Amino acid sequence: MLYLALFGPKQKYEIGMLVGKPVPEFSLKYMEDIGQFSNIDLHNSSDSYKIINFFASWCTTCVLEHPDLLKLTKRQDIEVVGIAWRDSKKAATDWLDEHGNPYDILLNDKAGGSKFKFGLIGVPESFLIDSNNNIIAHYRGPIDLKQINDFLDAKIELIQ
Amino acid sequence: MHKKVKSRLINIFLISLVLIGVIGLMLKNFQDNVSFYLTTSEALQKNLDREFRLGGFVKDGSLEYRNDGLVRFTVTDFTNDIAVEYKGLLPDIFREGQGVVAIGLYKNKKFTASKVLAKHDENYVAVETKK
Amino acid sequence: MHYILGNLFISTSLVVNAAFILRLYLSYKKDFKIAVFNYKAAVFTLILLSFLTLVSAYINSDFEILNVYLNSYSEKPLFYKISGSWGNHEGSLLLFILLLSLCNLMFFNNAGSKLKPLLSLYNFLIIEVFLLFLYLSSNPFELNNLIVNNGLGLNPVLQDFALAIHPPILYFGYVMTALFYSYILTLLQTGEFNKANIKKIESLVNLCFIILTLGIGLGSWWAYRELGWGGYWFWDPVENLALLVWLFVTTLLHLVIVNKHNSKLQNWLIFFGLTGFLFVILSFFMVRSGILTSVHSFSADPHRGVFLLLIFIAFTVLAACVVIHKIKPVKASKFILNRLGLIELNNFLFAALIIVVGFGTIYPIFATVFLKQNVFIGAPFFNKTILPIILLMLFFMSLLPRSNWVGKLRLVKSQAYIIILALIIAVALYFVGVDIINVGLVAFSLLLIIATIKEFYFFYKHKKLKPNFLRVHVGHLGFAVFILAIALNNISRFETERVMRVGEVFLHKNISLEFLGMDEGEMGNYYYVRNNFKLTIDGKEGKLYPEKRYYKASKITTKETQIKRLFFHDIYLVVGEIYNQDRLKIRFIYNPYINLLWLGSLLLILQFVFRREK
């Protein structure tokens, strides 16, 4: 279990209550109408690390964060899961067409029930997940791309 | 006069003796203990049956770690490749696309390395230069 | 600001120093007195100010200065920011010049009116030449044309205490060879080359010897702790160059001691006293021109190489001119096996060592440049070739107590007993299977050790333990212990590289190593994987935690060696590749008698404690 303890000035994320625990049970529809995606499916994903990013088309901060996600998704060693929170399918897909789509997996939570499962305060919020489906970090606000890159680079360098 | 010349000659004789001794010693050990740096092309051409230093770059995509500790990678000089096998610890700055020197024997189309050094790592891991 | 100040101080030093040289030359020719000390102080102050400006630039992370940009960064700890100022070509050169001016200031102030002007002239000349080299080709105060946020000097491997202080120490030793060069030329030119004047530099040469030993020892100790190979000497070209300077100075030391009693070897003394410094310049050339493919070498710049080669030739020609003019042939005398004779023999051995190590270092360069062949000369060549030389040396050293400056050796029965004892041990070891090289080293070093201890005991009983005596014998004892440690280490050293799974236990004789598991985490500027091992020796348990670290800023991975120090022996553990969090590759070394090796080196240095009798 790896805890990302941040001792820096940009205390954008905190060791929330869920950090260190497995990803909570959830089951959401794919944005593209191909069925359901649940927390168990995370296990079957090919890459060892995942990031679950909650966003919405009405969220202004999400626009600021988006370029970082587009950069992050270029890495081979992390899978980016996007959950459109309290957003209509049309609004979300239009927004992604406009700003770019970084998501390997795109899910729809129109009702917003994830809030209770994941302890969300708002959007954007993101959860970094390791190969055992445990939450390593919780970003309240935009992701810290440098930190995630450093962490992933360290993993590649230290573990063969 | 005669004595001076005699002791001079003795001196010269002794010094020559020492010099011959030292040089002889050096040459004898030199033959067996000089090793060559060879590129992959040179190595394939020369086909030495003794230990030498294979220099080149680690070919992208050739690095393979096996669970039993054996490491496989290909050294290339962008003209020819040689497959390398190594059981020991790799230096910290060793990675694909970087310069490498492998010390070992080439036999049956395979280079078995007893030691692997990353470029500029003659036993040292300094990435930056330093005195 | 640093740019302006730094260049101002350096150019002022150049001009002022040149003016002083002129004035000194006039005072020497026209024979009038000047306050040389004031000149020395002025030059030293100016160069010190330049150096401090550079250090200030580092402390303040002034990335406008190219040198600081390339070698430092703002989050570096203060101590390493400061030491970073001399951890590069230009900065270390400035430090070298600073030390030159410091030695010029500190020493030879009582030289006497006949010698002082010319002696100072030489020293100032040397300073001026290096200042010119610095200003024209290696100015540390060059401007950085890029606009940057932070520096590039990130390598965490360089942030080590021993590594940081070993260059200044070594450089101090190198600089002292310049003093000997000037002094000997001055003595020759003024016709003052005599026993009394040579005796005056004995303490200085001894000091130089100790500083060089300390500098090399620190470098070797760092390499042992940090590099993960478990070795202390790699016959790396730059290591060899430092060793060669050490050999020149050690030979000079012995010659100076001999010269107090008998001037038979004075031409040897002149040769070694002069070539020490010339060799320092030559080694600067080899390291800083890029001609060496050692990792120690600074980035190649052929212009610097040419400049340094010219400096080398200039100082050699200067020395040659003075020597040829002024050297007096020495009366040939019969060789007698007394103390003088022993040292004479040892001189040949030192010369042989210098030839062997020099050849082994320079041949690869020669082969690359002239034969278009890329060769490597490794440890086996050096070890095998210097072995007989070292054995002979140890043997002659063991005869020292039996010798006097006049008269022949007093061979006593006990000497024969010691030799027989050493032979018995040698034969015993050989039968046990130890190879002939290590047998030789053990036998001969024991010979010296026993002879020396016997001597200590004898003098102790007769209450005649004088400082002079102790100095020599503690020093020689240190050398013998050092050699013995090397041999014993060679004999029973054990090394293995293997994969271990969690819970696996590895056994070697009475040592068991169990891999318990690993933790991951983040610490400040690096991520780490800490690997937990349980080490059990003869039932006693301990823990070892070798780490692998990934430094975020520099993106460098390092292996942190863990060393368990048992009294004389070390257990050395490094972790290599880590697989899937349940298995990893280790290098385990059982390194016996390694601490005896450091002890031997310490004895060589500690002999300084015994002050010379007046």
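I looked first at residues 121-131 of chain B, where pLDDT (the predictor's confidence in each residue, from 0 to 100) stays under 50. For this stretch the model has 39 contacts beyond four places in sequence; two residues are in contact if their C-beta atoms, placed from the backbone, lie within 7 Å.

I noted that this is a predicted model, in which local features need pLDDT of at least 70 and side-chain atom pairs count only at pLDDT 80 or more, while totals for chains, interfaces and linings use all residues. Residues are numbered from 1 along each chain as its sequence is written, and chains are lettered from A and ligands numbered from 1 in the order in which they are written.

I then checked chain B as a whole: its mean pLDDT is 82, and 86% of its residues reach 70 or more. Confidence there is lowest in helix H1 (residues 2-33) of chain B, with a mean of 80, and highest in strand E5 (residues 81-86) of chain B, at 95. Helices (H or I, at least four residues) and strands (E, at least two) are DSSP runs, numbered from the N terminus.

Next I looked up a helix pair in chain C. The axes of H6(C) (residues 116-137) and H7(C) (residues 161-189) come within 9 Å and cross at roughly 140°. Axes are lines fitted to C-alpha atoms, for helices over the stretch in contact, and angles run from 0 to 180 degrees between N-to-C directions. H6(C) and H7(C) are therefore oblique to each other (angles under 35 degrees count as roughly parallel, over 145 as roughly antiparallel, 65 to 115 as roughly perpendicular and the rest as oblique).
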